[in-house]
Amino acid sequence: MENYYSLTDEKIIQAKQKAQKLCVEYNEKVNQENFYDEALLNALLKKVGKDPYVEPNFRCFLGSKIELGDEVFLNHDVTLQDMAEITIGNNVNIAPRTGIFTEFCPKDKELRRQKKRYAKPVVIEDGVWLGGNVTVWGGVTIGKNSIIGAGSVVTANIPENVIAVGNPAKVIKKIEAD
């Protein structure tokens, strides 16, 4: 059975409001002042590795469940919907308009009426590249050094050192390991 939570829970509402405020502040500093404020990222996210590069208009739900490794690049308009943990390894590149979504609606209509949801974590291992407009769903791990082609929808685990594309994303080629 899934571990449900309610979108009307006051703690969740407050955490989302705090994260939204910090996201807006961060994005405005980048857009208005060309200042990539790492202190704001540290206040927003659970963990931030060295040399993060996060472009505006970055969005997240809570922030407190997101871990960024070293030298992570999040391009414009990345959304990390972190109702469960999102772990992003070192040297990961995420292209514009990519979304990582951990939250699911239950199949039971009564639970949906009660605004119940459940979430599954996502792991993006070291050296991964997510192309533009990629969607990654909860419960997925993308293995080291893999590339996900633009527009793909990742609904299942992807092994390391492969190229995967499509909806749902399927492995089309193995990458020779260094």
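Trainee: Which residue forms a salt bridge with Glu-110?
Mentor: This is a predicted model. A salt bridge needs a Lys or Arg nitrogen within 4 Å of an Asp or Glu carboxyl oxygen. Here the closest N and O atoms are 3.2 Å apart. The partner of Glu-110 is Arg-113.

Trainee: In which helix do Glu-110 and Arg-113 lie?
Mentor: The two residues are three apart, about one turn of the helix. The helix covers residues 109–113. It is α3.

Trainee: Is Arg-113 buried or exposed?
Mentor: Exposed means over 50% relative accessible area, and partly exposed lies between 20% and that mark. Glu-110 has 38%, so Glu-110 counts as partly exposed. Arg-113 has 57%, so Arg-113 is exposed.

Trainee: How many salt bridges does the structure hold?
Mentor: Side chains of opposite charge can pair when their charged atoms come close. Glu-110 with Arg-113 is one such pair. Glu-71 with Lys-50 is another, at 3.6 Å from N to O. The total is five.

Trainee: How many residues apart are Glu-71 and Lys-50?
Mentor: Their side chains meet in a salt bridge. Glu-71 sits in the loop between β5 and β6. Lys-50 sits in the loop between β2 and β3. The pair links distant parts of the chain, with a separation of 21 residues.

Trainee: What is the relative accessible area of Lys-50?
Mentor: Start with the partner: Glu-71 is partly exposed, at 40%. Lys-50 is partly exposed too. Its value is 47%.

Trainee: Which residue meets Arg-97 in a salt bridge?
Mentor: The N to O distance is 3.8 Å. Arg-97 lies in the loop between β9 and β10, and its partner lies in the loop between β6 and β7, 20 residues apart. Arg-97 is exposed at 56%, while the partner is partly exposed at 28%. That partner is Asp-77.

Trainee: Which strands stand at the edges of the open sheet?
Mentor: Five strands form the sheet, in the order β2-β5-β8-β13-β16, and the pairing is parallel. An edge strand has a single partner, so one side of it is left without a neighbour in the sheet. The edge strands are β2 and β16.

Trainee: What is the bridge partner of Ile-86 in β13?
Mentor: Strand β8 covers residues 86–88, and strand β13 covers residues 122–124. The two strands pair in the parallel sense over three bridges. The partner of Ile-86 is Val-122.

Conventions:
Residues numbered from 1 in each chain as written. Predicted model: local features only at pLDDT ≥ 70, side-chain atom pairs only at ≥ 80, totals over all residues. Heavy atoms only, no water. Helix = DSSP H or I, 4+ residues; strand = E, 2+ residues; numbered from the N terminus. Buried < 20%, exposed > 50% of the residue type's maximum accessible area, 1.4 Å probe, protein only. Pairing = 2+ DSSP bridges.
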